[in-house]
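Student: I am new to this structure and would like a close look at a single part of it. Could you take me through the strands and what packs around them?

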Amino acid sequence: QVQLVESGGGLVQAGGSLRLTCTASGRTFSSQVMGWFRQAPGKEREFVAAAGFNWDGAVKERFTVSRDNAKTTMYLQMNSLKPEDTGVYYCAARASELLSTFASAYAYWGQGTQVTVSS
């Protein structure tokens with residue numbers, strides 16, 4: 001089992017920044033993909049980014065994902081936040097080194113952290 005815990009969410013004004021942290025424990029392994037998803041009220045959970053992969057998502061120019069050398073902690077630096085970035089942000093992991101942007105491909109999830117961006 002892999003346990004994931006997110007932290008760093010909160011309320012911020014538009015244009016501000018937040019840094020989310022995801023800490024993994026338990027049966028972690030270096031080849032697992034760790035990623036960030038988010039879910040806005042009334043919407044489906046969507047892929048944001050994954051550590052170690054390039055992506056062309058909508059937030060690419062504003063968000064940066066990184067992972068420590070031990071690969072047990074992942075960060076999401078979010079800059080120039082917009083009200084549409086509001087939602088619950090989840091850390092997820094899958095026992096594969098292949099990237100997937102589908103939530104169903106990830107077996108392990110954190111409890112989520114709320115990010116609210118006011119206009």
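Tutor: Happily; we will begin with one sheet, go on to the cores, and then visit some strands, rings and loops.

A few ground rules come first. This is a predicted model, in which local features need pLDDT of at least 70 and side-chain atom pairs count only at pLDDT 80 or more, while totals for chains, interfaces and linings use all residues. Residues are numbered from 1 along each chain as its sequence is written, and side-chain values use heavy atoms, with hydrogens and water left out.

Let us start with the sheet. Four strands form an open sheet in the order β1-β3-β7-β6, with antiparallel pairing. Strands here are DSSP runs of E with at least two residues, numbered from the N terminus, and two of them pair if DSSP finds at least two bridges between them. At the edges are β1 and β6, each of which pairs on one side only. From one strand to the next, the twist averages 15 degrees; the axes behind this value are lines fitted to C-alpha atoms, and angles run from 0 to 180 degrees between N-to-C directions. Six bridges hold the antiparallel pair β1 and β3, and one place to look is S7, whose bridge partner in β3 is T21.

Now for what packs together. In soluble globular proteins, nonpolar side chains tend to be buried together. A nonpolar core is a set of buried Ala, Val, Leu, Ile, Met, Phe, Trp, Tyr and Cys residues joined through side-chain atoms within 4.5 Å. Buried means under 20% relative accessible area, exposed means over 50%, and partly exposed is in between, using a 1.4 Å probe and protein chains only. The largest such core has 26 residues, and L4, W36, L76 and M78 have the most contacts inside it. At least two core residues come from each of β1 (2–7), β3, β4, β5 (46–50), β6 (63–67), β7, β8 and β10. The largest share, four residues, is supplied by β3. Apart from this core lies another, of six residues, among them V33, F37, A50 and A92.

To see the packing around one residue, pick L76. Not counting residues up to four places away in sequence, L76 touches L18, R19, L20, W36, V48, F63, T64, V65 and Y89; contact means heavy atoms within 4.5 Å.

Strand β10 is a good next stop. In a regular strand the side chains alternate between the two faces of the sheet. Along β10 (residues 113–118), T113, V115 and V117 point to one face and are buried, while Q114, T116 and S118 point to the other and are not. Strand β2 (residues 10–13) runs parallel to β10, joined by four bridges, and G10 has V115 as its bridge partner there. Strand β8 runs antiparallel to β10 with three bridges, and V88 is partnered with Q114.

The aromatic rings make another picture. Rings of Phe, Tyr and Trp (its six-membered ring) pair if their centres lie within 6.5 Å. The structure holds five aromatic pairs, and ring pairs link F37, F47, Y90, Y106 and W109 into a cluster. The charged end of R45 sits over two of these rings: that of Y90, 3.7 Å from its centre, and that of W109, 4.7 Å from its centre. For an Arg, this requires CZ within 6 Å of the ring centre and within 35 degrees of the ring normal; for a Lys, NZ is used.

Finally, the loops. Q32 lies between β3 (18–26) and β4 (33–39). Q32 counts as buried because its relative accessible area is 2%. Setting aside neighbours within four places in sequence, Q32 is in contact with V2, R67, K71, A93, R94, A95 and S96. A51, in the loop between β5 and β6, is also buried, at 8% relative accessibility. The C-alpha atoms of A51 and V33 are 7.2 Å apart, although 18 residues separate them in sequence. Beyond four places in sequence, A51 touches M34, V65, S66, R67 and M74.

S80 belongs to the loop between β7 (73–78) and β8 (87–94). Partly exposed at 41% relative accessible area, S80 has a positive phi of about 50 degrees although it is not a glycine. Most residues other than glycine have a negative phi.

Key
Phe/Tyr/Trp six-rings, centres within 6.5 Å; stacked < 30°, edge-to-face > 60°.
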